[in-house]
Amino acid sequence: AKKSKDDQKEMSVWTVEEFEQFIACVDHPIYNAFFRCLYWAGLRKGEAIALLKTDLTDQQDLLISKTIYRKEVHSPKTNAGTRSVRLDDETYKYLLPLTKRAGRYLFGDLAPLSTSQIDRYFLAGIKKSGVPKIRIHDLRHSHATNLINAGANIVAVSKRLGHSDVSMTLKVYTHLLQKTDEQLINTLNCLAKG
């Protein structure tokens, strides 16, 4: 599996505390909800921009079936990119009010949010909060990193991210799995000692 251009660049992540410090400085409700969605659901920016209000279900799922790239709607690159992503209660709470707004897009109105405006709010939030500067795509990396560090099943993380194959996830996050392997050995040593 090939890495995307964003995955090939150096990966940076925010801890939950850093994200909370950042998001407290994003006062626009749509952009606040957008960044929460990227961090807590692990979506790509284009996937989130393309979301329609009807893609948010009563079961707290986001139905991912399209992406916006260079202002055009596209199908996901692979079949695995079409997926359902379950939201945590808090993120769902922030997204639900957006379904009551005018227009068809979850993040936007008659048209989706513009990438230049997203970038502007993102950089302003970073500057105001004083957290380390990362790329928007690193919100997705932060999501995956937090799940893997918490012991989530790598196959489940891979499906959630929409990777076509678990080997893609293993390639991108192999450094985390090495840390997990050390923890596994420590656990085995503890079990063996009785």
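A salt bridge is a side-chain nitrogen of Lys or Arg within 4 Å of a carboxyl oxygen of Asp or Glu. With that in mind, the side chains of Asp-61 and Arg-86 can be seen to meet in a salt bridge in this predicted model, with N and O 2.5 Å apart. Asp-61 belongs to strand 1 and Arg-86 to strand 4 (residues 83-86), so the pair ties together parts that are 25 residues apart in sequence. The two partners differ in their surroundings: Asp-61 counts as buried because its relative accessible area is 12%, under the 20% limit, whereas Arg-86, at 48% relative accessibility, is partly exposed.

That pair is a good doorway into the rest of the chain. By the rule given above, the count of salt bridges comes to eight. Side chains of opposite charge can pair when their charged atoms come close. Another example joins the side chains of Arg-44 and Glu-47, with a distance of 2.7 Å from N to O. Arg-44 is partly exposed, with a relative accessible area of 27%, while Glu-47 is buried, with a value of 4%. A third example links Lys-93 with Glu-90, whose closest N and O atoms are 3.2 Å apart. Because Lys-93 and Glu-90 are three residues apart in helix 5, about one helical turn separates them. Both ends of this bridge are partly exposed, Lys-93 at 49% relative accessible area and Glu-90 at 40%. Salt bridges can also share partners, and in this way Arg-44, Glu-47 and Arg-83 are joined into one network.

It helps next to step back and look at the whole chain. The chain contains 10 helices and four strands. Read from the N terminus, the order of the elements is α-α-α-α-β-β-β-β-α-α-α-α-α-α, with the run of β elements set between helices. Of the 194 residues, 42% count as buried. The accessible surface comes to about 10,900 Å², and carbon and sulfur atoms account for 54% of this area. Contacts reach across the sequence as well: among those between residues at least 6 apart, 62% join residues at least 24 apart.

The interior comes next. The largest nonpolar core has 40 residues, and those with the most contacts inside it are Trp-14, Phe-22, Phe-35, Leu-43, Leu-62, Leu-95 and Phe-107. At least two residues of this core come from each of helix 2 (16-23), helix 3 (29-41), helix 4 (45-49), strand 1 (61-64), helix 5 (89-95) and helix 6 (115-129). Helix 3 provides the largest share, nine residues. Apart from this core lies another one of eight residues, including Ala-144, Ile-154, Met-168 and Val-172.

Trp-14 shows what a position in the largest core can look like. Neighbours within four places in sequence aside, Trp-14 is in contact with several aromatic residues, among them Phe-19, Phe-22, Tyr-39 and Phe-122. Further contacts of Trp-14 include Ile-126, Val-131, Pro-132, Ile-134 and Leu-139, along with Ser-142 and Asn-146.

Two of the residues that touch Trp-14, Phe-19 and Phe-22, return in helix 2, whose buried residues are Phe-19, Phe-22 and Ile-23. These three lie on the same side of helix 2, because they cover an arc of only 90° around the axis. The buried residues of helix 2 pack against helix 3, helix 6 and helix 7 (137-149).

Helix 7 also holds Asp-138. Although its side chain is of the acidic kind named in the opening definition, Asp-138 counts as buried, at 1% relative accessibility. Leaving out residues up to four places away in sequence, Asp-138 touches Glu-10, Met-11 and Ser-12.

The last stop is the surface. Here Ile-185, Leu-188 and Leu-191 form a nonpolar patch, with about 300 Å² of accessible area together. Leu-188 has its place in helix 10 (residues 174-193). With a relative accessible area of 45%, Leu-188 is partly exposed.

Notes
Residues are numbered from 1 along each chain as its sequence is written. This is a predicted model: local features need pLDDT of at least 70, side-chain atom pairs count only at pLDDT 80 or more; totals for chains, interfaces and linings use all residues. Side-chain values use heavy atoms; hydrogens and water are left out. A nonpolar core is a set of buried Ala, Val, Leu, Ile, Met, Phe, Trp, Tyr and Cys residues joined through side-chain atoms within 4.5 Å. Buried means under 20% relative accessible area, exposed over 50%, partly exposed in between (1.4 Å probe, protein chains only). Contact means heavy atoms within 4.5 Å. The arc is that of the directions from the helix axis to the C-beta atoms. Patches are made of residues with over 30% relative accessible area and no salt bridge: like charges are joined within 9 Å, nonpolar side chains (Val, Leu, Ile, Met, Phe, Trp, Tyr) within 5 Å. Accessible areas come from the Shrake-Rupley method with a 1.4 Å probe; for residues, only the protein chains shown count as cover.
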